[in-house]
Every structure is written in C-alpha cells, then in structure tokens.
Amino acid sequence: TLEPPAPPEPPAPVAPQPGDLVLNEIHADPHLTQGDANGDGVVSSDGDEFVELVNVTGMTLALGGMTISDGLAVRYTFPDAEVLAPGCSVVVFGGLVLNNGGDTVSIALGETVLTSVAYGPEGGQDQSLTRAPDLTGDFVQHLTANPEQRYSPGRKADGAVFC
C-alpha cells in the first residue's frame, strides 16, 4: 500500500518589515471601576494598559527581539520564540506605563521602526484608542467605535476575532 505524502512543512517565520504589523489599539488609561481589560479580576492602572498588534501579511512573523517603546523607554521586548500567524493579533499587557495625556508608541526590531503612533490627551479618557475601521482607520476613542465597550484587546472593536 502506498502512504499519502507527508504534508509540506509550513514556511519558517520571517522577521517583520515596516508595514507588516498594524498597531490597532492602545489602552493608556484604564477606567477606575470598568477597566479590567486583562480579565484578571483586578483593575490596575498599569496591569490593564495594553498595546494590540495585528499581522496584516500572509506570512507568520517572528517577533523575537521586537520592542515596544514609548517616548521615554523600551517597555517590552518580545521573547525569542514568539511568533504571530497571518491575520492574528497579539496583545501586550502591563508594565507599559503609557502617558494618559499623550505619548508615542513605537514598535521596532533593532534600529528599524516597524510602526509608530502618537496620541494626545484623547488617550486619557478611561478607554482605549482603536482604529475605526479596524486596521485601516484613524484612531478614535473606543466608545466611539463601539458604544458598548471601553476596549477590545485581541479583538476587533465590534468584538469579532482577528483570526
């Protein structure tokens, strides 16, 4: 009997290039009572801050060594094994210390800035800033994009999943 051929190996993850990732949502100012964005049961001004990135390519991206920075410092470095499938999102929570009154969030790999977004005082309104429409629109306060939710980490503004 003949055995079916083995499925082809998936392509190896590739390093992201500028334009491969969209910074889709930034949460700098969690609401004092409705701000448990990470779902751990505790509202925390630091722990519930987040940044959401979406892979807009058809390739799996190797995120290892990629950094998230604000106007002051590198706030997070992705572990070496971290990958992101096509069309999927990754959310980084906590310890970001984003400025509510305005900041610049940059995603970089080494010296190459992959994407960067600046926001002003609109970031300090007890809700996230999200693109409307997702991925392609300008940043708006989340309650403008979806009046029923202050944030949507890992999901589109309407609550649908990315992948």
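Let me begin with the nonpolar core. In this predicted model, the largest nonpolar core holds 23 residues, and the members that touch the most other members are V51, L53, L63, M66, F78, L98 and V105. Several elements give two or more residues to this core: strand 1, strand 2, strand 4 (66-69), strand 7, strand 8 (103-109) and strand 9.

I would like to dwell on one of these residues, L63. Leaving aside residues up to four places away in sequence, L63 touches P16, L21, F78, P79, E82, V83, L84 and V90. F78, which is in that list of contacts, is itself among the core members with the most core contacts.

From the core I turn to the sheet. Five strands make up an open sheet, and their order is 7-2-1-10-11, with antiparallel pairing. Strand 7 (89-93) and strand 11 are the edge strands, each pairing on one side only. From one strand to the next, the twist averages 35 degrees.

How many residues of strand 1 are buried? For strand 1, residues 21-27, the count is 7 of 7, so this strand is largely enclosed by the rest of the structure. In the sheet order, strand 1 stands between strand 2 and strand 10, and I shall take these two partners in turn.

With strand 2, residues 50-55, strand 1 runs antiparallel, and 6 bridges join the two. Two positions illustrate the register. H27 stands opposite F50, and L23 has L53 as its bridge partner. L53 has appeared already, as one of the core residues that touch the most other members.

With strand 10, residues 129-132, strand 1 pairs over 2 bridges, again in the antiparallel sense. Here I26 has L129 as its bridge partner.

Strand 9 also deserves a word, through T115, which is placed in that strand. T115 has a relative accessible area of 14% and is buried. Not counting residues up to four places away in sequence, T115 touches L21, L23, V105, S106 and I107. Of these contacts, V105 is also one of the core members with the most core contacts, and L23 is the residue bridged to L53 in strand 2.

Next, the backbone on either side of strand 10. Ahead of this strand, in the loop that follows strand 9 (112-119), we find D126. The phi of D126 is near 60 degrees, a positive value in a residue other than glycine. D126 is partly exposed, at a relative accessible area of 29%.

Beyond strand 10, the peptide bond from A132 to P133 is cis, its omega being near 0 degrees. P133 belongs to the loop between strand 10 and strand 11 (138-141). L135 is found in the loop between strand 10 and strand 11 as well. Although L135 is not a glycine, its phi is positive, at about 75 degrees. With 29% relative accessibility, L135 counts as partly exposed.

I come now to the charged side chains. How many salt bridges does the count give? The count comes to 1 salt bridge. R75 forms it with D70, and the closest N and O atoms are 3.1 Å apart. As for the partners, R75 is partly exposed at 24% relative accessibility, whereas D70 is buried, with a relative accessible area of 9%.

The last item is the disulfide, of which the structure holds 1. In general terms, a disulfide is a covalent bond between the sulfur atoms of two cysteines. Here the pair is C88 and C163, with sulfur atoms 1.7 Å apart. This pair links distant parts of the chain, 75 residues apart: C88 lies in the loop between strand 6 (83-84) and strand 7, and C163 lies in the segment after helix 1 (142-145).

Which hand does the disulfide have? The torsion about the S-S bond of C88 and C163 is about 110 degrees, so the disulfide is right-handed. Are the two cysteines buried or exposed? C88 counts as buried, at 13% relative accessibility, while C163 counts as exposed, at 58%.

To close, let me return to strand 1. This strand is largely enclosed by the rest of the structure, is joined to strand 2 by 6 bridges and pairs with strand 10 over 2 bridges. Strand 1 is also among the elements that give two or more residues to the largest nonpolar core.

Notes:
Residues numbered from 1 in each chain as written. Predicted model: local features only at pLDDT ≥ 70, side-chain atom pairs only at ≥ 80, totals over all residues. Heavy atoms only, no water. Buried < 20%, exposed > 50% of the residue type's maximum accessible area, 1.4 Å probe, protein only. Helix = DSSP H or I, 4+ residues; strand = E, 2+ residues; numbered from the N terminus. Pairing = 2+ DSSP bridges. Contact = heavy atoms within 4.5 Å. Axes fitted to C-alpha atoms, helices over the stretch in contact; angles between N-to-C directions. Core = buried A, V, L, I, M, F, W, Y, C linked by side-chain atoms within 4.5 Å. Salt bridge = Lys/Arg side-chain N within 4 Å of Asp/Glu carboxyl O. Disulfide = S-S within 2.5 Å.
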